[in-house]
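Visitor: Before we begin, could you take me through this structure slowly, and tell me each time what a given label rests on?

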Amino acid sequence: MIEIKNVSKSYIRGQKVIDNINLEIKNGEILGFIGPNGAGKTTIIKMMTGILDIDEGDILIDGKSIKEQPYEAKKEIGLIPDSPDMFLNLKGIQYLNFMADIYRVSEEDRKKIIKDLSKTFEIEDALNEKIESYSHGMRQKIVIIGTLLHSPKNWILDEPMTGLDPKAIYDLKIMMREYAKKGNVVFFSTHILEVAENLCDRVVIINKGKIIFIGKIEELKQKMKENNSLEELFMEIISDD
Ligand SMILES: Nc1ncnc2c1ncn2[C@@H]1O[C@H](COP(=O)(O)OP(=O)(O)OP(=O)(O)O)[C@@H](O)[C@H]1O
Ligand SMILES: [Mg+2]
């Protein structure tokens, strides 16, 4: 469970890019985070995961403050950042073992997860190659596997479908659905409204650092009193704001 409580953030003094956001993400829920470029999605995700300091408010991960108990809170987070270009000098398997070591995953568990997921994503043959030789999609896939080794209760994904081929997007959507079904939080940002519409239990729409809608897509449709597509509703709600 993730609780975002009265959170604000400025990069430049006096200019809030996140303005008093409150949000609760329940166990077993897939929540999609949508909003235009520069709306503040990545900034929120970075604060949720302890990468950026929170100016005002707090974020609790399974009841633990990311500010006060960062080590405990981070144990229950798996983060896919918005760019998978990291640890390029490591081979895929070295990166996965490094992640497994950090989170103290047993030999048995890591072997099973690496075997299963690299098979699903068809990158078994690349595990012994350096990540710098991988395509964008392959880098994304190795990062996805790395975030699941310790079975975090909160899986946070910043635009996870970017660069993935249709089969990998399909596989990832099934993984996200199954992961939530086990009682975990799945929180992801996306620009693919169709994915948000089909995959999420609820969506959050953010614009200029403020949440302008939280709820089910059907509620959004009712609120707008028109049977439009999510794309049309999104354009309308963003322009109204
Ligand atoms: N390091 C930084 N320094 C100054 N301003 C920043 C920094 N990072 C982000 N911003 C600003 O904060 C605002 C929110 O950016 P953020 O990256 O959170 O948006 P986003 O919703 O993730 O956008 P996108 O859909 O393009 O990924 C933008 O106005 C951006 O210019
Ligand atoms: Mg972003």
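Guide: Gladly, with the caution that this is a predicted model. A good place to start is ligand 1, around which stand Tyr11, Val17, Gly35, Asn37, Gly38, Ala39, Gly40, Lys41, Thr42 and Thr43.

Visitor: What makes a residue count as being around ligand 1?

Guide: The criterion is that its C-beta atom, placed from the backbone, lies within 6 Å of the molecule, and Lys41 is one of the residues listed on that basis. The largest share of this shell, three residues, comes from helix H1, residues 41-48. By class, the shell holds three nonpolar, six polar and one charged residues, where glycine is counted among the polar ones.

Visitor: How do you know that strands S1 and S4 pair?

Guide: Pairing requires that DSSP find at least two bridges between two strands, and S1 (residues 2-12) and S4 (residues 56-61) are joined by five bridges in the antiparallel sense, so the requirement is met. As one example, Lys5 has Asp58 in S4 as its bridge partner.

Visitor: What joins S4 to S5?

Guide: Two bridges link S4 to strand S5 (residues 64-65), and these strands run antiparallel; since the definition asks for at least two, they count as paired. Ile61 stands opposite Lys64 in S5, and the hairpin formed by S4 and S5 has two residues between the strands.

Visitor: Why is Asp62 called partly exposed?

Guide: Asp62, which sits in the loop between S4 and S5, has 17 other C-beta atoms within 10 Å. A residue is buried at 20 or more and exposed at 12 or fewer, and because 17 falls in between, Asp62 is called partly exposed. Its phi, near 45°, is positive in a residue other than glycine.

Visitor: And what makes Lys208 partly exposed?

Guide: Lys208 has 16 other C-beta atoms within 10 Å, a count that lies between the limits of 12 and 20, and therefore Lys208 is partly exposed. Lys208 lies in the loop between strand S9 (202-207) and strand S10 (210-215), and has a positive phi of about 50° although it is not a glycine.

Visitor: Which domains does the assignment give?

Guide: The domain assignment gives domain 1 (2-76 + 152-240) and domain 2 (84-151), with 25 Å separating their centres, taken over C-alpha atoms. Nine residues from domain 1 and ten residues from domain 2 take part in the contact. On the side of domain 1 that touches domain 2, helix H6 (residues 166-181) gives the most, with three residues.

Terms used
Residues are numbered from 1 along each chain as its sequence is written. Chains are lettered from A and ligands numbered from 1 in the order in which they are written. This is a predicted model: local features need pLDDT of at least 70, side-chain atom pairs count only at pLDDT 80 or more; totals for chains, interfaces and linings use all residues. Helices (H or I, at least four residues) and strands (E, at least two) are DSSP runs, numbered from the N terminus. Domain bounds come from an automatic or database domain assignment. Two residues are in contact if their C-beta atoms, placed from the backbone, lie within 7 Å.
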